[in-house]
Amino acid sequence: MKFLLISKEGEGLFIAYRLQKEGHDVKTWIKTKHAQSLYDGLLDKVEDYKTALEADRIVIFDQVGGGNIAEQLKKDYIVIGGSQFADSLELNYKFARKILKQHGIKYSRDLGYDNIILISSWFNGNEFILPPIQSYIYRKELAGGLGSMTTCQGIQQTALDFDSDIFSEGIGKLLPLLKSLNYKGAIGLKYQFEEDSLMPFEFVSHWHYDTMQGVLASLDGNLGEILGNFNDSGVLSLTESVSSIRVTIPPYPYLLTKRDININGFETNTPVIFPKSLAKNLFFKDIKVQDKKMVSAGDGGQICTLVTA
């Protein structure tokens, strides 16, 4: 099968790499300049996504923000993971609160800043096909609550049943709406602890990282065949529980700006060495191949995610 991954900053290149290793024809396009060296020597990357469009090539968006492009492409191509609705749900605070209120979902008026729980699934335009994933997201950079706050440093995730209360009383309520929109992609709802209860506060409508790595590590089946037959894939099978942790180097977890340093000059080409026995459990991000060796790339310092069952 043929796929085109449209990426904002290379967050989902591991998805393209997985598809390629399965033997599929994969092309990728990275929008942001400072991330365009990621996966050099590993993936077929194009300078303009339009040059890779073909009638039988499925388009995958790995992040929100490309909804307008996605809607245009849907007129002629199969698109998964991108839509104007997905953009609004995650990026428009007032719109998200309106959706929660319309579906009778009580929510927190405060944004979560500490450790949080994410309940997520995949929707294929007609139904939820991924068993609900409950992800406990650890955000401190170091163990024991030490270090800087990150977006996600580690995750403990567990597959739930569709009749679990936290799913059926949360994103499960959106099924009629998602079906009416022919929504295709991932969707989740973040919760935070408030006294003795969990309260939702924010939607996730992209392939959440590092939950996605955990899903791919435990997914039973060929990802390309699943995405290629997304409409008729049926409920997928997952390992019951997995854990993941990010492996990083400086400047992570800090984001550099042109005021701090010449971004293009921060690419340190640090060697990336790992035991072959861990290969299937590693999902790379800020890396490339140079002189037949894997080294760090870009300016983010997020080398990979290690997933264990």
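Student: Hi! How many aromatic pairs does the count come to here?

Tutor: Hello! The count comes to 10 aromatic pairs. The rule takes rings of Phe, Tyr and Trp (its six-membered ring) with centres within 6.5 Å; planes under 30 degrees apart are stacked, over 60 edge-to-face, and the rest tilted.

Student: What kind of pair do Phe162 and Phe167 make, and why?

Tutor: They are edge-to-face, because their planes stand at 70 degrees, with ring centres 5.6 Å apart. One caveat: this is a predicted model, where local features need pLDDT of at least 70 and side-chain atom pairs count only at pLDDT 80 or more, while totals for chains, interfaces and linings use all residues. Also, residues are numbered from 1 along each chain as its sequence is written, and side-chain values use heavy atoms, with hydrogens and water left out.

Student: Thanks. Is Phe167 buried or exposed?

Tutor: Phe167 is buried, at 4% relative accessibility, whereas Phe162 is partly exposed, at 30%. Buried means under 20% relative accessible area, exposed means over 50%, and partly exposed lies in between (1.4 Å probe, protein chains only).

Student: Which residues do ring pairs link into a cluster?

Tutor: Phe123, Phe128, Phe162 and Phe167.

Student: Switching topic: how many disulfides does the structure hold?

Tutor: It holds 0 disulfides; one would be a pair of cysteine sulfur atoms within 2.5 Å.

Student: Why is there no bond for Cys152?

Tutor: Its closest cysteine sulfur, in Cys304, is 13 Å away, so it is too far for a bond. Cys152 is buried, with 1% relative accessible area, and Cys304 is buried too, at 5%.

Student: OK, now the sheet. What is the strand order?

Tutor: The 8 strands of this open sheet run E9-E8-E5-E6-E7-E10-E14-E11, with antiparallel pairing. E9 and strand E11 (282-284) are the edge strands, each pairing on one side only. From one strand to the next the twist averages 25 degrees, using axes fitted as lines to C-alpha atoms (for helices over the stretch in contact) and angles from 0 to 180 degrees between N-to-C directions. Strands are DSSP runs of E with at least two residues, helices are runs of H or I with at least four, and both are numbered from the N terminus. Two strands pair if DSSP finds at least two bridges between them.

Student: How many bridges join E10 to E14?

Tutor: There are 6 bridges between strand E10 (residues 241-248) and strand E14 (residues 302-308), which run antiparallel. Arg246, for instance, has Thr305 in E14 as its bridge partner.

Student: And what does Glu202 touch?

Tutor: Beyond residues up to four places away in sequence, Glu202 touches Leu111, Gly188, Leu189 and Lys190; contact means heavy atoms within 4.5 Å. Glu202 sits in strand E9 and is partly exposed, at 27% relative accessibility. Its C-alpha is separated by 7.4 Å from that of Ala96, 106 residues apart along the chain.

Student: Which residues of helix H3 are buried?

Tutor: In H3 (residues 84-91), they are Phe85, Ala86, Asp87 and Leu89. The buried residues of H3 pack against several elements, including helix H2 (67-73), helix H4 (93-102) and strand E9 (197-204).

Student: Last one: where is His103 found?

Tutor: His103 lies in the loop between H4 and strand E5 (116-124). Its side chain reaches the backbone oxygen of Ile99 at 2.8 Å. Leaving aside neighbours within four places in sequence, His103 is in contact with Lys173, Leu174 and Leu177.

Note on methods
Polar contact = N/O pair within 3.5 Å; in protein donor to acceptor, adjacent residues only side chain to side chain.
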